[in-house]
Amino acid sequence: MMDYVARFEGLIAEMKLDGRYRTFVELERIAGEFPIARWYGQDGQSRRVTVWCSNDYLGMGQHPDVLAAMHKSIDLFGAGTGGTRNISGTNRQHVQLETELADLHGKEAALIFTSGWISNLAALGTLGKLMPDCAIFSDALNHNSMIEGMRRSGAERFIFRHNDAAHLDELMSSVAPERPKIVAFESVYSMDGDVAPIAAICDVADKYGAITYLDEVHAVGLYGARGGGIAERDGLAHRLTMIEGTLAKAFGVMGGYVAGPALLMDVIRSFADSFIFTTSLCPHLAAGALSAVQHLKAHPEERTRQEINVARLKAMLQAADMPVSDSPSHILPLIIGDAHLCRRTSELLLHDHDIYVQPINYPTVPRGQERLRITPTPYHTQAHMKALVAALISVRDKLGWTKGDVAA
C-alpha cells in the first residue's frame, strides 16, 4: 500500500528545499487608502504596508463609483444569482456588462465568466474541440489558462517561439491548408512585461485563414483611448477574431470575458461546460465591473498617471543600478535569479521596511529567472517610490546580491 502521508510530505519538503514553496501573506485592504494595506503577522498584530505587486493596476477596486454601484446592487438585488445562466442566473447586470464589453472592443457580442482563467479554458477548449482536426498555434509563453484550454480541446498544438511571427509562419506552413486553425497569444505578458507584435502575428494568421485569439488580460483598461487594450491602442482590434480579458485587474473587481463575432459567442455559450454548469457572476460584481469599464472608457486620467509613475520608478530603479528589465509596459520585473534569495528579499522588504512585493519563482518563471514583479499604480506617490528604492538598496546590501550576480 502507498504511504500517502510520506508521499505528500516529501513533495512539500522538496518544494521548500528548492525555494518554490508558496506562503500567503495575510493582508487587509483599506478602503480609500490604496495602495496601503494592513499586514497581519504570525503574532496576529497588524502593520500598515505599501503594496507594490497588486494587479488592481489602476486602483479601481477602491473607486467610489465602483463601490457605489456594488452597494446599490446588493441593496436592490441581494448577493447571489441563484443558478447558472440558464437556470435563473441571467441578470440584467450581466447583459448590460456584456454589451459594454462588446462595445469596448468593437465586437458584435461578449460573454462573461467567473474568472479570466475560466474564460480562456472555456473559449479555447470549446472552439478547438468543435472544429475537426483543428490545429492551435500557441505562443511559447502563453498563460496556464490558455494552455489548459488548448489541452482540454484535444486539438493538435504547435508552439511558436515567443513573439516570433517568422517561426509562426514556418509552423503554419507545415499544416495542411484545409485544416481549421487558431492562433492564440497575449498582448502584454505578465511576467516579463513585454508586448506582442500583434500586426505581424495577424499578418501570418490571415495568410493561412486562421482564427486569431488575443488575451488582453494585462492590458484591458490600461491601454487605448478607451481602455480597450494594446489592440485598441495600435488600431488593430478589428484584425482579431476574439479578444479575451479580465474584470479582476485594471477593472478592479472579479470575472473574465471573451468578445467577438456573435456566432462564436453563441457557440461558446451553448457548448462550453465551464460556462453551462457553473453559477453565474454575482450581480454586484457585474455591476461594479460595469461601472469600472464605463469610467475608464470616459476617463483616461488614471492611465496617464500610471504611465508617468511607471516611467518615474523605472528611472529611479535604473539609477540605483537595480536589475530591472526595460519592459515597454506597466510591469517592472526586478530579476533576482535565485529562488531562496528572491524569497528572502521579499521577506526583508516586508518585515524591515513595511513593503510588500511577492516573490515570483518556478514554475511561474524559469529557474534562474526568479524575480520581484513590481506594478506601479496611479496612487503610488514619489515618497512611496523613494521608500521602495531605499529599501531595495538596503536589502541588496544586506544579502549581498548585486546586479552582476543575478541572471540577465
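Trainee: What does Arg269 count as by its relative accessibility?
Mentor: This is a predicted model, in which local features need pLDDT of at least 70 and side-chain atom pairs count only at pLDDT 80 or more, while totals for chains, interfaces and linings use all residues. Residues are numbered from 1 along each chain as its sequence is written, and side-chain values use heavy atoms, with hydrogens and water left out. Buried means under 20% relative accessible area, exposed means over 50%, and partly exposed lies in between (1.4 Å probe, protein chains only). With 44% relative accessibility, Arg269 counts as partly exposed.

Trainee: How far apart are the closest N and O atoms in the salt bridge of Asp266 with Arg269?
Mentor: A salt bridge is a side-chain nitrogen of Lys or Arg within 4 Å of a carboxyl oxygen of Asp or Glu. Asp266 and Arg269 are three residues apart in helix H9 (residues 262-271), which means a separation of about one helical turn. The closest N and O atoms of this pair lie at 2.8 Å.

Trainee: How many residues apart in sequence are the parts that Asp273 and Arg152 tie together?
Mentor: The side chains of Asp273 and Arg152 meet in a salt bridge, at 3.9 Å from N to O. Asp273 belongs to helix H10 (residues 273-276) and Arg152 to helix H5 (residues 144-153), so the parts tied together are separated in sequence by 121 residues.

Trainee: Which residues are linked in a network of salt bridges?
Mentor: The structure holds 24 salt bridges. The network links Glu100, Asp103, Arg226, Glu232 and Lys297.

Trainee: Which strands stand at the edges of the sheet with the order E1-E2-E3-E12?
Mentor: Helices (H or I, at least four residues) and strands (E, at least two) are DSSP runs, numbered from the N terminus. Two strands pair if DSSP finds at least two bridges between them. This open sheet of four strands has mixed pairing. Two of its strands have a single partner strand each, so one side of each is left without a neighbour in the sheet: E1 (26-29) and E12 (355-356).

Trainee: Which residue in E12 stands opposite Val51?
Mentor: Strand E3 (residues 46-51) pairs with E12 in the parallel sense, over two bridges. Opposite Val51 in E12 stands Tyr356.

Trainee: In E14, what is the bridge partner of Ile335?
Mentor: Three strands form an open antiparallel sheet in the order E11-E14-E13. E11 and strand E14 (residues 371-374) pair over four bridges. The partner of Ile335 in E14 is Arg371.

Trainee: Where does Pro363 lie?
Mentor: The peptide bond from Tyr362 to Pro363 is cis, with omega near 10°. Pro363 is placed in the loop between E13 and E14.

Trainee: What is the phi of Asp354?
Mentor: Asp354 sits in the loop between helix H13 (339-353) and E12. Its relative accessible area of 28% means that Asp354 is partly exposed. Although Asp354 is not a glycine, its phi is positive, at about 55°.

Trainee: Over which residues does pLDDT stay under 50?
Mentor: pLDDT is the predictor's confidence in each residue, from 0 to 100. The protein averages a pLDDT of 95, and 98% of the residues score at least 70. The stretch under 50 has eleven contacts (heavy atoms within 4.5 Å) beyond four places in sequence. That stretch is residues 404-408.
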